[in-house]
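Good morning, and thank you for coming. May I ask you to turn to the structure as it is displayed.

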Amino acid sequence: MSSSTSVGDLVSQPYKYGFVTDIETDKIDKGLSEDVVRLISSKKDEPQFLLDFRLRAYKQWLRMEEPDWATLGHPAIDYQEMIYYAAPRQQEKKASLDEVDPKLLETFEKLGIPLSEQKRLSNVAVDAVFDSVSIATTYREKLAEHGVIFCSISEAVKDHPDLIERYLGTVVPSNDNFFAALNSAVFSDGSFVFIPKGVACPMELSTYFRINSGDTGQFERTLIVAEEGASVSYLEGCTAPMFDTNQLHAAVVELVTLDDASIKYSTVQNWYAGDENGVGGIYNFVTKRGHCRGDRSHISWTQVETGSAITWKYPSCVLQGADSVGEFYSVALTNNLQQADTGTKMVHVGPRTRSTIVSKGISAGRSSNSYRGLVQIGPKATGARNYSQCDSMLIGDQAAANTYPYIRSQQPEASVEHEASTCRISADQLFYLQSRGIGFEEAVSMMVSGFCRDVFNQLPMEFAAEADKLLALKLEGSVG
Amino acid sequence: MIRPDADTLLEIVDLQARVEDKPILKGVNLTIKAGEIHAVMGRNGSGKSTLSKVLAGHPAYTVTGGSVLYRGANLLDLEPEQRARLGLFLGFQYPVEIPGVSNLEFLRVSTNARRGEKGEEELDTFAFEDLVRERLQVVQMDPAFLERSVNEGFSGGEKKRNEILQMALLDPLVAILDETDSGLDIDALRIVAGGVNHLASPDNATLLITHYQRLLDVITPDYVHVMAGGRILRTGGKELALELEDRGYDWVDQELAVLEVA
Ligand SMILES: Nc1ncnc2c1ncn2[C@@H]1O[C@H](COP(=O)(O)OP(=O)(O)OP(=O)(O)O)[C@@H](O)[C@H]1O
Ligand SMILES: [Mg+2]
C-alpha cells in the first residue's frame with residue numbers, strides 16, 4: 001500500500017561504489033611528524049623549494065586549531081592515528097596505459113571511468129588518482145599539441161617546476177586555515193592544468209579521485225592556471241569504499257585566471273556517506289579558491305555534493321581584475337545523519353566585478369544542511385554587483401536546513417541582492433503526481449530535479465545527465 | 001445514459017475510512033456503470049472529497065472496512081499511480097501547485113504512463129505537442145500555460161481548466177470531478193461543462209461532485225446522490241437535485257439523525 005511508502009525509504013539507497021580493490025600498497029606508518037613530511041617529499045623526489053613549502057606549512061599547522069564555527073559535530077579527529085601516504089605498489093608511473101596494473105584499470109572501469117584507449121570517453125581527458133597517487137592521465141599527447149599541460153601534480157613538479165613554484169600556494173596560502181595548512185604539508189597528488197595564452201582547451205578535462213585504503217587520509221592538491229585569453233572546463237569526481245571508520249579528505253584546489261581567461265570547475269562529489277546510523281563515511285574538509293587575477297576573467301564553480309559524512313567546503317572567488325566574474329552553483333543533498341556546511345565567498349576587489357550565487361540544499365532523513373556564504377565588497381570595487389539565491393528543500397520532518405548569508409560592503413553604491421526560500425515536498429504534491437500515473441520515485445525525482453535545474457544547467461553536457469542519475473540513485477529505492 | 005446491460009465500472013460496498021483516528025466514511029454504497037453520469041451532493045464536510053480521495057488512493061486515509069471493485073478487480077490493493085494508469089481520474093477540488101516541474105513535461109509523462117497501460121506507443125515531445133494542442137481546444141486554454149510550472153500561480157479557474165485538460169489527455173474510464181465547477185465564471189463553466197460532455201461516451205462514466213444545480217443544467221446526471229455524515233443517504237434521478245435546491249438540506253439532517261440514533 002502506498003501509505004507505507006515514505007520519501008525516507010527512497011533517499012536511503014545502498015552505495016554502489018563501496019567495494020575495496022585488493023592491491024599491494026606502499027604506505028608510510030601512521031602518524032604525522034616533520035620526518036613524515038620529509039619522507040613524503042623524498043619519496044616523490046621533490047626539489048628543495050617544495051620541501052621548504054611543506055615544512056613551513058607543517059610548522060604553521062602545529063600552531064593552528066581546527067575551525068569550529070561551522071554547524072558541524074563530530075568526534076575529535078586523531079591526526080596521529082592516520083596514514084598520510086598510501087600508493088599502489090608499482091615502480092614508476094607508466095608511460096603507457098598497457099603497463100598499468102590491470103586491477104587498477106578494472107577498478108576505474110567499475111566506477112564508470114574506462115581509461116583504456118578503446119573505451120575511454122571520446123571528448124574527455126581523465127587523470128585517475130588512486131589513494132595518494134595519480135595512476136594514469138589520458139589524451140596527454142593530443143592536449144600537448146595545443147600546448148595544454150594536463151598531468152598529475154607530482155609530474156608537474158618534475159617537468160614544470162617553474163610553473164609550480166610560480167603559482168602553488170599563491171591563491172590558498174599555506175596558513176589560510178587548519179586544513180589547508182595540513183594539506184600543504186602532506187599533499188601527495190592531484191592534478192595540474194596549464195592552458196597557455198589564447199588557447200581554448202579542445203576537450204573537457206577531468207580528474208577522478210578514488211580512496212581505497214581504510215586508514216588513509218587523502219590530501220590532494222589541484223592547480224589550474226589559465227593564461228591570457230585561455231579557457232578550460234574541468235570536472236572532478238570522487239568515490240570511496242564503505243568502511244565503518246571515518247577517513248579524512250582535506251584537499252586544496254587553486255585556480256588562477258589572467259586577463260580574459262576563464263575556468264569552469266565542476267564537482268560531482270559522491271564520497272561514501274556513512275550508513276543510516278551515521279557510522280563511517282568521509283570527513284570532507286576542502287579549501288577551494290579561484291583568483292581572477294586578470295581583467296575580464298571568469299571563474300565558475302559548479303558542485304553537486306551528495307556524499308561524505310561531513311562536508312565543509314566553500315569554493316570561493318577573489319575578483320581582483322576589473323570586470324571579472326565569479327559564479328557559484330551548488331546542489332547539496334544530505335540524508336540520514338550526513339552534515340553539510342557549504343557555500344562560497346565572493347570577494348570583490350576590482351571595479352565592476354560581478355558575482356552570482358545559486359545554492360540548492362536538499363535535506364532528508366535526520367541530516368543537517370547549511371548554506372554559509374560571504375559577499376565582500378572592497379573599497380575599490382566600484383559598481384560591483386552580486387546576486388545570491390539560496391533555496392532549501394526539506395524531505396520528511398526530521399531534517400534541518402539553515403542559511404547563513406554574510407554581507408560586508410565597503411561600497412555604498414554596490415548592488416547586493418539576496419533571495420532565499422524553503423520548501424518541503426508535501427504528501428499532497430506527491431499524491432497529485434501519483435494520481436496522474438507517475439510512480440512515487442519518479443514523482444520525487446521530478447520535483448527534486450525541477451528544484452535543481454538552475455544548477456544542473458551549468459554542468460558540462462556530458463555530466464548533466466550523470467548528475468541527474470546520481471540524484472535519482474540517491475532518491476530511488478524499493479517502494480513498499 | 002442508463003443501460004441495464006452496460007458493464008459495471010465501479011462497485012463500492014459499505015466503504016468505511018478514517019483519517020488519523022477520525023472516522024469519516026461510514027459505509028458508502030455506490031455502483032457506477034459505463035455510460036452513466038452520477039452527481040454527488042451534500043453539505044460541506046459530509047465526506048464527498050474524502051470519498052474521492054479514498055478512491056484515488058490518498059495515503060492520509062485508511063480504509064477500515066468495505067470493498068471497492070474497479071472493473072472487477074480490487075481497487076484498494078493498487079498504488080495510486082496504478083489506479084490512474086488503469087483509467088481512474090480525480091479532478092481535485094483544490095489542485096496543488098508544484099513549483100519547478102514543467103506543466104508540459106508533467107502532462108507528457110502522465111499521458112505516456114496511461115498510454116503505456118493501454119498498450120499504446122509512447123509519444124515523443126513532438127507528437128505530444130500536437131496532441132496537447134488539440135486537447136487544449138476542449139477547454140479553450142492558452143498554450144502559454146504549458147510553459148509554466150504545474151498550477152503555479154494559476155488562478156482558481158485556470159487550475160480547474162488544467163484539471164479538465166489532464167482528463168482530456170488521460171482518457172479515463174471513470175472520472176471523478178470534485179467541485180470542478182466551483183470558482184468558475186459563467187463562460188468558463190460553459191466551456192468546462194462542454195468539455196466534460198464532449199469526453200463522455202458509452203464506454204466511460206463520470207462522477208460529479210457539486211453544490212450547484214447550474215452545473216447539472218448543462219451536464220444532465222442519470223443519478224443524483226445525497227451524502228451526509230459519511231454515507232449516501234438518498235439516491236434519485238435529476239429531479240432530486242432540484243428538490244435540494246428547493247428545500248435545502250434540513251430534511252437530510254433529520255433523516256441522518258434518525259439513522260444515527262438507530
Ligand atoms: N486530512 C484530514 N484531516 C483531518 N480531517 C479531515 C481530513 N480530511 C477530511 N477531514 C474531515 O472530514 C470531513 C469530511 O471532509 P470532506 O473534505 O470529505 O468534505 P466535503 O464533503 O468534500 O466538503 P466540501 O463540500 O466543503 O468540499 C470534514 O469534517 C473534514 O474536516
Ligand atoms: Mg470537498
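How many salt bridges does the rule find across the interface of chain A and chain B? Please keep in mind that this is a predicted model. The rule finds one. Its partners are Glu163(B) and Arg436(A), whose side chains meet at 2.7 Å, N to O. The two chains also share 11 residue pairs in polar contact, counting pairs with both residues at pLDDT 80 or more.

Let me turn to the extent of the interface. On the chain A side, 20 residues are in contact with 33 residues of chain B. The buried area comes to about 2,300 Å², and carbon and sulfur atoms give 65% of that. Within chain A, the residues that lose the most area to chain B are Phe431(A), Tyr432(A) and Arg436(A), together 35% of what that side buries. Arg436(A) is thus named here as well as in the salt bridge with Glu163(B).

I now move to a helix pair inside chain A. Helix α3, residues 48–62, packs against helix α8, residues 178–186, at an angle of about 145°, and their axes lie 7 Å apart. The crossing of α3(A) and α8(A) is left-handed. From α3(A), the residues taking part are Phe53(A), Arg54(A), Ala57(A), Tyr58(A) and Trp61(A). They meet Phe178(A), Ala181(A), Leu182(A), Ser184(A), Ala185(A) and Val186(A) of α8(A). By class, this contact has nine nonpolar residues, one polar and one charged.

Technical notes
Residues numbered from 1 in each chain as written. Chains lettered and ligands numbered in written order. Predicted model: local features only at pLDDT ≥ 70, side-chain atom pairs only at ≥ 80, totals over all residues. Heavy atoms only, no water. Contact = heavy atoms within 4.5 Å. Buried area = accessible area lost by both parts, 1.4 Å probe. Salt bridge = Lys/Arg side-chain N within 4 Å of Asp/Glu carboxyl O. Polar contact = N/O pair within 3.5 Å; in protein donor to acceptor, adjacent residues only side chain to side chain. Axes fitted to C-alpha atoms, helices over the stretch in contact; angles between N-to-C directions. Helix = DSSP H or I, 4+ residues; strand = E, 2+ residues; numbered from the N terminus. Left-handed = near helix turned anticlockwise from the far one by under 90°. Nonpolar A, V, L, I, M, F, W, Y, C, P; charged D, E, K, R; others polar.
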